[in-house]
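Reader: I've got a structure in front of me and don't quite know where to start. Could you walk me through it?

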Amino acid sequence: MKDDQGNSFNLNGEPFGSGGEGKIYRTDRPGFVVKIYEKTPTPEQVSKLKVMIANPPKASPSDPGDVAIAWPTSLAYKGKQCIGFLMPEIGRNVQFIQVYNPKSRKKILPKCNWLFLHTAARNFTEIVKDLHKSGYVIGDIKPQNILVNDRAFVSVVDTDSFQVKNGNTVYRCHVVTEGFTPPEMLGFDPSNITQTLYHDRYRVALIIYHLLFTRHPFNEGTWQGSSDEQSQVDKMKSGIWLYNSQGLLKSHISTIPLQVIHPKLQELFKRCFNDGHKDPTKRPSAEDWSTALKVAINDLTSCGKIDTHKYSRTYGKCYWCERKNILNGVDIFEGSAKPVISPPPPSIPPVQTTSSTPIPPPSPPPPAKKIIGFVFLAIATICFIGGAIPFGFILGFIGFSCFSD
Ligand SMILES: [Zn+2]
């Protein structure tokens, strides 16, 4: 097999992943995998890949040893026939679907807390922000295509399904996922729709909601209507969710209420699912979410009783302790009781930046042996004004820890 420069490479073992009509193989080229399509790619697919290879998004956040976007870097040929494409390998990651689900999360990331989930959400919005700035529409945003590592760094895969524009030519996204399709697209063939940023914005809000609340926003609450309960899709079509239910839905005892998140995030969810229901231009951008998540992360604080509990100061008390009491001991952030001492200082919120400098994630204050992170300090610029007093500015302080070894 050869790349588009004519350099040879070989497959390394059996496929380790699949998706988007193809299988993913490791190669003998370190750090690169290849996607090989099951059917010979059409001329349109090949042209789209060429445009993507020539125009990678402008800023790709990265984590040492990991990449944020599995962007095509070269076509892959067998003889003269294009059979797929090469892309960077994403490291050890799990799908968002495994992280927002409390049961799988407990197995995979037992120390994962709400700060981790806020951070993963923010890191995801940073990637979307960059893609949108570069003119790409993701199209088929779904939790299976978003990966996160144990430092809350996020990676997006299945990029060859993105909607790509080249001058007046638009290579559309031909797939949609049930539960992640904006209301205005429901019932239509995605192949006939040129999508906009506003379609992506709806899906971004759905992803963030899943991370923070563990469930689909249109699958929350108990039906109160006199008619049969509407399906999730019908509720999405009608814009009926707990916070615009016209009395058709009531919170269930296990529902995590919107009030427990920071008010700025509450406002964005309402803007997206209420105002943005009929007018998609009202939906918050990825940048709006990133900004609000930053504020919300800064507002999170540690519970005095359970080591894995983080809650919003704006709520006034630890919601997870409150919920545990209401649900007779059920705790989706199950942890250990803390000794009765004063709570630790809040963690510095981490962020996946758009620059090449990675900013790592947060973390609870775990036992010392679990901390393998680094601390990165400093920078003081000393200015002398007229030979007088020096001024120093501390520009950065970042720390992280791993959630599991
Ligand atoms: Zn608590």
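Author: Sure, and let's start with helix α4. Of its 20 residues, 18 are buried, so α4 is largely enclosed by the rest of the structure. Keep in mind that this is a predicted model.

Reader: How far does α4 reach from its first C-alpha to its last?

Author: Begin with what you'd expect: at 1.5 Å a residue, the 20 residues of α4 should span 28 Å. The model comes close to that, with a reach of 29 Å.

Reader: Which residue follows α4 with a positive phi?

Author: Look just past the end of the helix. The phi there is near 90 degrees, and the residue is Gly135.

Reader: What do the buried residues of helix α8 pack against?

Author: First, find the helix: α8 covers residues 286-299 and reaches 20 Å, close to the 20 Å expected for it. Its buried residues include Trp289, Leu293 and Ile297. The elements that they pack against are α4, α5 (197-213), α7 (263-278), β16 (300-302) and β17 (310-312).

Reader: Which residues touch the most other members of the largest nonpolar core?

Author: Nonpolar side chains in soluble globular proteins tend to be buried together. Here the largest nonpolar core has 82 residues, and it draws at least three from each of domain 1 (2-88) and domain 2 (94-298). Leaving out residues up to four places away in sequence, Ile208 touches Ala121 and Trp289. The members with the most contacts to other members are Ala120, Val154, Ala205, Ile207, Ile208 and Leu211.

Reader: Okay, sheets next. What is the order of the strands in the open sheet of six?

Author: Start from the outside: the edge strands are β1 (2-3) and β2, and each of them pairs on one side only. The pairing in this sheet is antiparallel, and the order is β1-β7-β8-β4-β3-β2.

Reader: How many bridges join β4 to β8?

Author: These two strands, at residues 32-37 and 81-88, run antiparallel. One facing pair to look for is Phe32 opposite Pro88. The count of bridges between β4 and β8 is five.

Reader: Which residue takes a positive phi in the hairpin of β7 and β8?

Author: β7 (residues 74-78) runs antiparallel to β8, and five bridges join them. Across that pairing, Tyr77 stands opposite Cys82. The hairpin has two residues between its strands, and the one with a phi near 65 degrees is Gly79.

Reader: Which residue in β4 stands opposite Gly22?

Author: Gly22 belongs to the β3 side of this pairing: β3 covers residues 22-27 and is joined to β4 by five bridges, running antiparallel. Look across to β4, and the residue facing Gly22 is Tyr37.

Reader: How many of the eight residues in β2 are buried?

Author: β2 is an edge strand, pairing on one side only. It pairs with β3 in the antiparallel sense over four bridges, and Asn12 stands opposite Arg26 there. β2 is hardly covered, and its count of buried residues is zero.

Reader: Is Glu14 buried or exposed?

Author: Glu14 is found in strand β2, at residues 11-18. Its C-alpha is 8.7 Å from that of Ile24, which is 10 residues away along the chain. A residue with 12 or fewer C-beta neighbours within 10 Å is called exposed. Glu14 has 8 of them inside 10 Å, so it counts as exposed.

Reader: Which residue in the loop between β10 and β11 has a positive phi without being a glycine?

Author: The loop runs between β10 (146-148) and β11 (154-156). The residue in it has 29 C-beta neighbours inside 10 Å, so it counts as buried. Its phi is near 70 degrees, and the residue is Ala152.

Reader: Why does Thr214 count as partly exposed?

Author: Thr214 sits in the loop between α5 and β14 (222-223), and its phi is positive at about 70 degrees although it is not a glycine. Partly exposed falls between 12 or fewer neighbours and 20 or more. Thr214 counts as partly exposed because its number of C-beta neighbours inside 10 Å is 18.

Reader: Last one: what percentage of the chain's residues are buried?

Author: The chain has nine helices and 21 strands. Of its 405 residues, the buried share is 39%.

Terms used
Residues numbered from 1 in each chain as written. Predicted model: local features only at pLDDT ≥ 70, side-chain atom pairs only at ≥ 80, totals over all residues. Pairing = 2+ DSSP bridges. Expected span 1.5 Å × (residues − 1). Contact = placed C-beta atoms within 7 Å. Core = buried A, V, L, I, M, F, W, Y, C linked by C-beta atoms within 7 Å. Domains from an automatic or database assignment.
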